[in-house]
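Hello! Here is the structure I promised to pass on to you. Have a look at it first, and then read my notes below.

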Amino acid sequence: MSLTLGFFVIFLSLIIPGLIFRRFYFFGEFSKQFNTKDPVLHSIYFSIIPGILIQVFSLLVLKFIFNYEISFLKVFNILRDFTQEVDILNCDTKKFLKNDVGYFFLYSVFLVVFSGLIGYILSRFVRSYHLDKKFKLFRFKNQWYYIFSGEILLMKKFKEAIRVTFNKIDNHDNEVLTTYADVLVNIKDDIRELYTGFVVDYDLNSDDISKLDRIYLIDTYRYKRIDSNNEYKKSELGFFKNRLSQQNLNEDIPTRGQKNIPGDVFILDATKIINLNLTFVPNILKIEENKIKQETNHNKKQNLYKRISDILLLVLLVSLIFNFTNPFSIIESEYYNFYLNNFSFIRKLLFLFLIIQFLDVFSPIKNDSGIYEYKSFFIKILVFFIMIIINIYNIIDFYFLMN
Amino acid sequence: MENKGTFLDNLIDVIGVVSIVALTIHLINNIKKSTETKLISQDGYNAIQDPKKAKKLRKVIDDYHKNGQWDTKEIQSIIE
């Protein structure tokens, strides 16, 4: 009985938060990765680590944000009593059973809500910052979504390959209008058909989400099988050439030997697919909008950097003047006057270099193209620290002389 | 006088809560929009629903397959 109770406690405390987290983490097209048909042990295995982390994180949130005092020793004693066969219950367990069961229930509800929230936020964070495309660790198992949506082109391997292909539009954000597919399907034995259409949806195999089950196409055409006497030349995967004069777009005759498949949605059995050719049509409007946004942001940034540069230059000029002289005795300070009157020119120069280097850390550099940018930050910091070390003698000397 | 103050406080509290709820909903909608998992964009869907535009789009794709260049003006006219 105690073992069952102990397992129930562990299930409630660790497995359920993990399950809830995974349910909310795998959203949308990736929700198939959370499969209720998974074996129990499989679900437990993948839920236990997120469950432990969420449990620890919630306890920290309760302790530091809500100032709820938790004694981990008491928690340990209670858990031990539940999981082991004990004749006499610990006083902490007795107190818990008498007074704190309601609080535990409320905490469990908080944990469930918190797990869902964390799962939701983390998954959106990963997608928002394209971490699933940059790093394999965050990539979802539903590779077919990345393939059909065109996001696969944002992955490192494909980004490098795409430079040698002929999609020449500068499409950094991968704004895809639609995906056009050429699908070669094996009907039976040696009979094959080639279909083309715009991909609108797909289904995955429920047992293995890496396998495709069905593809849904709109505006589907089948490549027509025609004999050699016909005016159209046949090719399975290549191009159709018209031997007559140029086709007028307004005519109802297709430009190739294609037969339109009437209907709203064409569903292809993916198990019979031999190969698949995809073309991602760029969304020109969105690309132009993104370009304009980028330019605007770039201009704003440049204006800001220019202003910073101008202000720092002004500060430098003022420092240069006041480091060697006190014009019209503007500054009335005993320490400043002592510095001006008692320090040698070389020492003042060293101190000026320190000020210059300090300002340089925050100053943007204008490159050959006239663009302001922050460069070599760590080198500047290093030089600044070196200048501090050089000026330490100045500072110590100033202190002793004053005193 | 006290009742008016209390009423004002309550009103400000209600406005504050409503603002927070509205802001939260706005943030959630923004996050949803930027992270939605769609195979086909709304512009693309609208384009292929129209048979004439779908035909034009096919022609653009055929030309791209032949010469490796996208006819950006034609795509723009299809989307608009």
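**What I found**

Right after helix α4(A) comes A:H130, a residue with a positive phi, near 55 degrees. Please keep in mind as you read that this is a predicted model.

Let's stay with that helix for a moment. Helix α4 of chain A covers residues 91–128 and has a kink of about 75 degrees, with A:D100 at its centre. You can try to find the kink on screen by going to A:D100.

**Chain A as a whole**

Chain A contains eleven helices and eight strands. Of its 403 residues, 35% are buried. If you take the contacts in chain A with a separation of 6 or more, 61% of them involve residues 24 or more positions apart.

A good residue to look at here is A:N142, which sits in the loop between α5 (131–134) and α6 (143–149) of chain A. Is A:N142 buried or exposed? Its relative accessibility is 2%, and the cut-off for buried is under 20%, so A:N142 counts as buried. What does the side chain of A:N142 reach? It comes to 2.6 Å from the backbone oxygen of A:E29. Setting aside neighbours within four places in sequence, A:N142 is in contact with A:E29, A:F30, A:Q33, A:Y202 and A:L204.

**Where the two chains meet**

Now to the interface. On the chain B side, 34 residues are in contact with 47 residues of chain A. The area buried between the two chains is about 3,500 Å², and carbon and sulfur atoms give 65% of that. Which three residues of chain B supply more of the area it buries against chain A than any other three? They are B:T37, B:L39 and B:R58, which supply 24%.

There are also polar links to look for. Between chain B and chain A, seven residue pairs are in polar contact, with both residues at pLDDT 80 or more. Four helices of chain B each supply at least two residues of the side that touches chain A: α1 (2–35), α2 (42–49), α3 (51–67) and α4 (72–79). The largest share comes from α3(B), with ten residues. Sorted by type, the residues on this side of chain B are 13 nonpolar, eleven polar and ten charged.

Another residue to visit is B:E80, in the segment after α4 of chain B. With a relative accessible area of 58%, B:E80 is exposed, because the cut-off for exposed is over 50%. Leaving aside neighbours within four places in sequence, B:E80 is in contact with A:L285 and B:K53. The C-alpha atoms of B:E80 and B:N46 are 9.8 Å apart, and these two residues are 34 residues apart along the chain.

**Salt bridges**

Side chains of opposite charge can pair when their charged atoms come close. Over all chains, a search of the whole structure finds eleven salt bridges. How many salt bridges are found across the interface of chain B and chain A? The rule finds one.

That bridge joins the side chains of B:R58 and A:D219, at 3.1 Å from N to O. The pair crosses between chains, with B:R58 in helix α3 of chain B and A:D219 in strand β3 (residues 212–223) of chain A. B:R58 has a relative accessible area of 5%, so it is buried.

Here are two more that you can find within chain A:

- A:D208 and A:K211 form a salt bridge, with their closest N and O atoms 3.9 Å apart. A:D208 is partly exposed at 28% relative accessibility, and A:K211 is partly exposed as well, at 47%.
- A:D310 and A:K306 form a salt bridge, with their closest N and O atoms 3.4 Å apart. Why are they separated by about one helical turn? Because they are four residues apart in helix α8 (residues 284–324) of chain A. A:D310 counts as partly exposed at 38% relative accessibility, and so does A:K306 at 41%.

Finally, A:R127, A:D132, A:K133 and A:E151 are joined into one network by salt bridges that share partners.

Enjoy exploring, and write back with any questions!

Technical notes: Residues numbered from 1 in each chain as written. Chains lettered and ligands numbered in written order. Predicted model: local features only at pLDDT ≥ 70, side-chain atom pairs only at ≥ 80, totals over all residues. Heavy atoms only, no water. Contact = heavy atoms within 4.5 Å. Buried area = accessible area lost by both parts, 1.4 Å probe. Salt bridge = Lys/Arg side-chain N within 4 Å of Asp/Glu carboxyl O. Polar contact = N/O pair within 3.5 Å; in protein donor to acceptor, adjacent residues only side chain to side chain. Nonpolar A, V, L, I, M, F, W, Y, C, P; charged D, E, K, R; others polar. Bend = angle between axes of the 7 residues up to and from the residue. Buried < 20%, exposed > 50% of the residue type's maximum accessible area, 1.4 Å probe, protein only.
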